[in-house]
There are 2 protein chains.
Amino acid sequence: MTKRPTLADVAARAGVSVALVSIAMRGAKGVSAATSEQIFKAAQEIGYRPDARARLLRSRRSRLLGVQFGLSYPFHADLVEALYAVAESAGYQLALSAVAASRGEQRATEALLDDRCEALILLGPQAPVARLEKLAAQLPVICVARRLPSTPGVDVVRTADDDGARQAVDHLVSLGHRDIVHIDGGRAPGAADRRRGYRSAMHRHGLPSSFVPGGLTEQDGAAAARGLLAAPSRPTAVLAFNDQCATGVLDVFLRSGIGVPGQISVVGFDDSHLARLAHINLTTVGQDIPRLADLAVVRALARLEGQQTPGTETVVAPHLIVRGTTAAL
Amino acid sequence: MTKRPTLADVAARAGVSVALVSIAMRGAKGVSAATSEQIFKAAQEIGYRPDARARLLRSRRSRLLGVQFGLSYPFHADLVEALYAVAESAGYQLALSAVAASRGEQRATEALLDDRCEALILLGPQAPVARLEKLAAQLPVICVARRLPSTPGVDVVRTADDDGARQAVDHLVSLGHRDIVHIDGGRAPGAADRRRGYRSAMHRHGLPSSFVPGGLTEQDGAAAARGLLAAPSRPTAVLAFNDQCATGVLDVFLRSGIGVPGQISVVGFDDSHLARLAHINLTTVGQDIPRLADLAVVRALARLEGQQTPGTETVVAPHLIVRGTTAAL
DNA sequence: TTGAAAGCGCTAACAG
DNA sequence: CTGTTAGCGCTTTCAA
């Protein structure tokens, strides 16, 4: 529990000035190989690690990207993991701030601001546009997986949710399905687009749309599925809002002895970790998580380098991943 | 994107010295009510927020608790949420560092150290004891949900996993089950204790133990369940390592047309968010998450306040939560 | 009650 | 290539 060594300690031990140690530790050029080696040896010996905060206090850059995510969304977890990788290769660190039932988005972003993050990457934020705009006046703000009316200073990186829904419908129709229900996501980010994509694709095939209110949790899917079973006639296929919702749907069907995909086909959305589980084996519309993460960071860096755009929107194409929950009628 | 206001800006606007503003902002005593009001008004007007890092750089305390957690464990997510609440009421902030496939524990803890956290709270860490001991030499380390041979400087807060398994077995036996299999957690934290608890409880009831290798993911549970189905005879009840594992088990059973709890009973462990979902409705051994979180913080603070113990172990009692996946034979 | 001044650990000019 | 110097935004003596 001894005090952590500082630059000065390393300098003393290596017999050089602090400045030189600073240069060496940062890997900047301007130190002889021999000296550098001595310095690293000294640092190693006393277990020196640079103080991230002092460092950022001095250099006006924190090289910190603030990420706000939802604790209970596997899709966010996947995104966070991808972001770690991208950020690192861009020379940035991540500061995580979770949103949960007892911790709202405002609290989450404020913590990030107090940490002096250089930019904010918000995963599926629900905050009102006005608040995002206010944040964007202070630092670059990137919204991932939420559509937004063009907002000054806010960049959006999202999946083409409407096209994803279309792909799902096309797939189901090509399998012979005509009675396809969409369990929607209500007011969740992306839900409106998925509804729209579903509706227009159905229309294009000359089929009537059929919506059931859903949501983004297993519970929502389960409730919707129970509703479906209680109705006089049952569809032959279901497009769920997301994978979690689809999982709830699957569960209820299985419990009721309804075979999937034998009696009914189910399609999810996201291709989160969940869908890939062997025992779920869910046909789903895959969001390109690495690409979303990459673009989010790229956008953030672009703004940090002074690019002044009114607010960009980058749309990433989804792609259907056919697994085991869909079959020909 | 204007520069954030500093203490000096507030001081200038309020017509006082920075020192006074500092005192006021911290809510320390020594400022007249009138001045204080002026200061807060000025701060408010220019949107001042203290710089967390500069603050900690100066006062040798960061009031930061570093939390390492696994991105893909719902149980950890629940703990993190609970920790946020406890930390806040103790006047501390949380620094989150995630462990994922592409980001090992070492990386995670190092990030926390560089942030100058005052203590480390590790959720289900897998790191070797030697490493934990080394960390504990630098700062208080609290291991949550992992049993550890008494280690100098490391405090352990965990659930009585053995007793939890015992409760599950007692419950199943009281329902008339005698053929109870345990799908274990392999080398996962807590797995050994749960095995032991299961074995001794079975023994006490005069029943033979029966283990199936499992793990902590849905996949592990699903694989184990498939193995069970392939065997010549099937048990009447299963105790899974945790809720995720149990979910995988449930899924496979449902798919195979095996009614739960009609034909077989299933018990999980953790009472994570997952188990509580209406459609899963899993009978499970509940870990007392708020209490684990509370104790973790209490232990950390005790050490920060100079308490020097060789390494404590606090064991929290679990309690069986009977839901819908268990029934009388 | 208030202010001046010193420094936390580090980086960034600028000299030598 | 190396050292000196001056702060980053804040807290904290110590005087006034």
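In this predicted model, a backbone N or O atom of Leu7(B) lies 2.3 Å from a phosphate oxygen of DNA strand D, a polar contact being a pair of N or O atoms within 3.5 Å. Asp51(B) also meets the strand through its backbone, with a polar atom 3.2 Å from a phosphate oxygen. Arg55(B) uses its side chain instead, placing a polar atom 2.7 Å from a phosphate oxygen of DNA strand D. Two or more residues each come to the surface near this strand from α2 and α4 (52-58) of chain A and from α2 (18-26) and α4 (52-58) of chain B; helices here are DSSP runs of H or I with at least four residues, numbered from the N terminus.

Altogether, 23 residues surround DNA strand D, where near means having a heavy atom within 4 Å. Thr35(A), Arg58(A), Leu7(B), Tyr48(B) and Arg55(B) are the closest. Of the strand's atoms that come within 4 Å of the protein, 65% belong to sugar and phosphate. The surface near the strand has ten nonpolar, seven polar and six charged residues.

Within chain A, helix α2 (residues 18-26) packs against helix α3 (residues 33-46) at about 90°, with axes 10 Å apart. The two are therefore roughly perpendicular, the term for angles of 65 to 115 degrees. Leu20(A), Val21(A), Ala24(A) and Met25(A) of α2(A) make the contact with α3(A) residues including Ile39(A) and Phe40(A), counting heavy atoms within 4.5 Å.

Residues are numbered from 1 along each chain as its sequence is written, and chains are lettered from A in the order in which they are written. Local features need pLDDT of at least 70, and side-chain atom pairs count only at pLDDT 80 or more, while totals for chains, interfaces and linings use all residues; side-chain values use heavy atoms, leaving out hydrogens and water.

How values were computed
Axes fitted to C-alpha atoms, helices over the stretch in contact; angles between N-to-C directions. Parallel < 35°, antiparallel > 145°, perpendicular 65-115°, else oblique. Polar contact = N/O pair within 3.5 Å; in protein donor to acceptor, adjacent residues only side chain to side chain. Nonpolar A, V, L, I, M, F, W, Y, C, P; charged D, E, K, R; others polar.
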